Amino acid sequence: MKKIKQLKFIVITLLLLTTLNSCKVTRFVVYNFADINDHKKFPARNIENGTTKFIFPIAEKGKVPKELHLKDKSYPFEQYLKDNKTVAFLVIQNDTIQYEKYWGKHDENSIVPSFSMAKSITSILIGCAIDDKLIQSVNEPITNYIPELKENGFDKVTIEHLLQMTSGLDFNESYTNPFGDAATFYYGTNLRKAINKMKLKTEPGKQFEYVSGNTQLLGLVLERALKEKTITSYLEEKIWKPLEMEFDASWSLDRKKEGLEKTFCCINARARDYAKIGRLYLNKGKWNGKQIVSEDWVTQSTKIDTTNGSVGYYQYQWWLPTQTGDFMAQGILGQYIYVHPEKNLVIVRLGKNEGKADWWEILSSLGQAY
C-alpha cells in the first residue's frame with residue numbers, strides 16, 4: 001500500500017510538472033532558489049567588450065589586513081572570507097589591486113550573476129538616457145513611456161519614485177513563495193504581461209519599500225525610451241565598451257524571442273569588470289578623463305535624501321551603508337560593489353551566499369581600515 005501511494009505521488013508530481021512545463025512554478029520547483037549558477041539557466045543577450053581593455057595594475061605588496069576586527073572579536077581575514085562562502089574578493093585602492101583572491105573552482109575568468117547589483121547598473125543607464133535626452137527628467141510620470149498603466153492608476157508615479165523605491169507598488173518581494181511577484185519576475189517568461197497587472201497599494205512619494213518591481217518598471221521605461229535598441233545594446237554602448245571591460249558579459253531575459261532584460265537582477269559578469277562599475281562612480285562618472293554619465297547624476301545617486309518618503313540609506317538604486325559618503329551595489333547572495341570615495345577604494349565581494357557574515361559591517365570596517 002505504501003509503495004502504491006508513493007507511486008501515485010510520483011505520477012501526480014510528474015503530471016503536474018509536465019502540465020506546468022513552461023511556467024514559473026515549474027522553474028521555481030526545479031531550480032528551487034536563486035543560485036550562483038543561475039546565469040546558465042535563463043536565455044540572455046550577450047554584452048561584448050571592446051578592442052581595448054583596461055587592466056588594473058597589481059601591487060607588489062598589497063595592503064591587506066591579516067585580521068578582521070568585528071565588534072568584540074577578531075578573525076583571520078582570508079579564513080573568514082572562505083568560511084562565509086566567498087568565491088571572489090577584490091580590493092582596489094588608488095587604481096591598484098591590493099588584494100584579489102578566488103575560492104573553489106572560481107578564478108578571474110569565472111562568471112558570477114550580479115543579482116540585484118543590476119539595479120544600480122540600471123540606474124546608471126537611466127542617467128545615461130537622460131544625458132542623451134531619451135528621457136527628459138526623473139520627474140516625468142512613467143505613463144509617458146508605459147501608457148497602458150494609466151488604467152491601473154500610475155499617472156502620479158514618476159521615474160524618481162521608482163528610483164527611490166517610493167512608488168507605493170503592491171509587490172510581494174518574497175524569495176521563497178513560488179506564487180509571489182518576485183518568483184513571477186525571476187522565473188516567469190512574460191515580464192511585460194506581469195507588469196500590465198501591477199497595482200499600487202499606497203500613494204506614491206510617501207513610503208520607502210524595497211521591491212524589485214520598481215526596477216523592472218525602470219527597465220520597461222528604458223526600453224520604450226530606447227525604441228529600436230535593446231537595453232543590453234545600450235549597456236554595451238554606454239558602459240561596457242567605454243569602460244574597457246576585460247570580458248564579455250550577458251544580461252538574462254524572461255524569454256528567448258523578443259525577451260525583456262531582467263533589469264532588477266541578472267547581469268552576468270566577472271569580478272574585475274564589476275569593480276570597474278565602482279571605479280566609474282568613484283571618479284564621479286568619468287573614465288580616464290571621459291564623462292560617461294554626468295557628474296550631477298552620480299552626485300544625485302549617492303547623496304542622502306530623506307524627503308518624500310525616501311530613506312537615508314538608499315538612493316537611486318544604491319545603498320548607503322554608513323551615510324558618511326560610502327555607497328554600494330548589493331545582490332541577494334552577498335554580491336557587492338562597495339565604494340569609499342574618501343579612501344579612493346573599491347571592494348568587490350561575490351559569494352555562493354552571505355554565509356553568516358554581516359557584509360555591511362565588514363565592508364564598512366575595511367573602508368575605515370584602509
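In this predicted model, Lys284 is partly exposed, with a relative accessible area of 45%. Lys284 sits in the loop that runs between helix 10 (271-282) and strand 9 (286-287). Its backbone is worth a look too, since phi at Lys284 is positive, about 55 degrees, although the residue is not a glycine. As background, most residues other than glycine have a negative phi. A positive phi of about 60 degrees is also found at Lys227, again not a glycine. Lys227 belongs to the loop between helix 8 (212-226) and helix 9 (231-240). With a relative accessible area of 68%, Lys227 is exposed. A further lysine, Lys133, follows helix 4 and has a positive phi near 60 degrees.

Helix 4 itself comprises residues 117-131 and offers a simple check on geometry. Its 15 residues, taken at 1.5 Å a residue, should span 21 Å, and the C-alpha atoms at its two ends are 22 Å apart, so expectation and model agree. The helix is mostly covered, as 14 of its 15 residues are buried. Cys128, with a relative accessible area of 1%, is buried. The cysteine sulfur closest to that of Cys128 belongs to Cys265 and lies 20 Å away, which is too far for a bond.

Cys265 has a partner elsewhere. The model holds 1 disulfide, and this bond joins Cys265 to Cys266, with an S to S distance of 1.8 Å. For orientation, a disulfide is a covalent bond between the sulfur atoms of two cysteines. The torsion about the S-S bond of Cys265 and Cys266 is about -75 degrees, and the disulfide is therefore left-handed. Both ends of the bridge are shielded: Cys265 counts as buried at 3% relative accessibility, and Cys266 counts as buried at 4%. Cys265 also serves as a reference point for Ser294, which is 29 residues away along the chain; the two C-alpha atoms are separated by 24 Å. Ser294 lies in the loop between strand 10 (290-291) and helix 11 (295-302). Its relative accessible area is 22%, so Ser294 counts as partly exposed, just as the cut-off of 20% for a buried residue would have it.

Helix 9 comes next. Helix 9 is mostly covered, with 8 of its 10 residues buried. The buried residues are Ile231, Thr232, Tyr234, Leu235, Glu236, Lys238, Ile239 and Trp240. Their cover includes several helices, namely helix 4, helix 8 and helix 10. Strands take part as well, among them strand 1 (44-47), strand 7 (249-252) and strand 8 (267-269).

Two threonines in loops can be described through their surroundings. Thr143 is placed in the loop between helix 4 and helix 5, and at 6% relative accessibility Thr143 counts as buried. Beyond its neighbours within four places in sequence, Thr143 is in contact with Leu149, Lys150, Phe154 and Asp155. Val157 is 14 residues from Thr143 in sequence, and their C-alpha atoms are 7.9 Å apart in space. The other threonine, Thr166, is found in the loop between helix 5 (159-164) and helix 6 (181-187). With a relative accessible area of 2%, Thr166 is buried. When residues up to four places away in sequence are set aside, Thr166 touches His161 as well as the run of Pro204, Gly205, Lys206, Gln207 and Phe208. The contacts of Thr166 also include Asn308, Gly309 and Ser310.

Attention turns finally to open space in the model. Rolling a probe the size of a water molecule over the atoms shows where empty space is left. The largest pocket has a volume of about 340 Å³. Helix 6 and helix 7 (191-196) are the elements that give two or more residues to its lining. In total, 15 residues line the largest pocket, and those nearest its centre are Thr184, Asn190, Lys193, Ala194 and Lys197. Sorted by class, the lining of the largest pocket consists of 6 charged, 5 nonpolar and 4 polar residues.

Definitions and conventions:
Residues are numbered from 1 along each chain as its sequence is written. This is a predicted model: local features need pLDDT of at least 70, side-chain atom pairs count only at pLDDT 80 or more; totals for chains, interfaces and linings use all residues. Side-chain values use heavy atoms; hydrogens and water are left out. Helices (H or I, at least four residues) and strands (E, at least two) are DSSP runs, numbered from the N terminus. Buried means under 20% relative accessible area, exposed over 50%, partly exposed in between (1.4 Å probe, protein chains only). The expected span of a helix is 1.5 Å times one less than its number of residues. Contact means heavy atoms within 4.5 Å. On a 1 Å grid over the protein atoms alone, a cavity is a set of points where a 1.4 Å probe fits but cannot get out, and a pocket is an open set with protein on both sides within 12 Å along at least five of seven lines; lining residues have an atom within 4 Å of a point. Grid points are joined across faces, edges and corners, and a volume is the space filled by probe spheres set on the points. Ala, Val, Leu, Ile, Met, Phe, Trp, Tyr, Cys and Pro count as nonpolar, Asp, Glu, Lys and Arg as charged, and the others, Gly among them, as polar. A disulfide is a pair of cysteine sulfur atoms within 2.5 Å.
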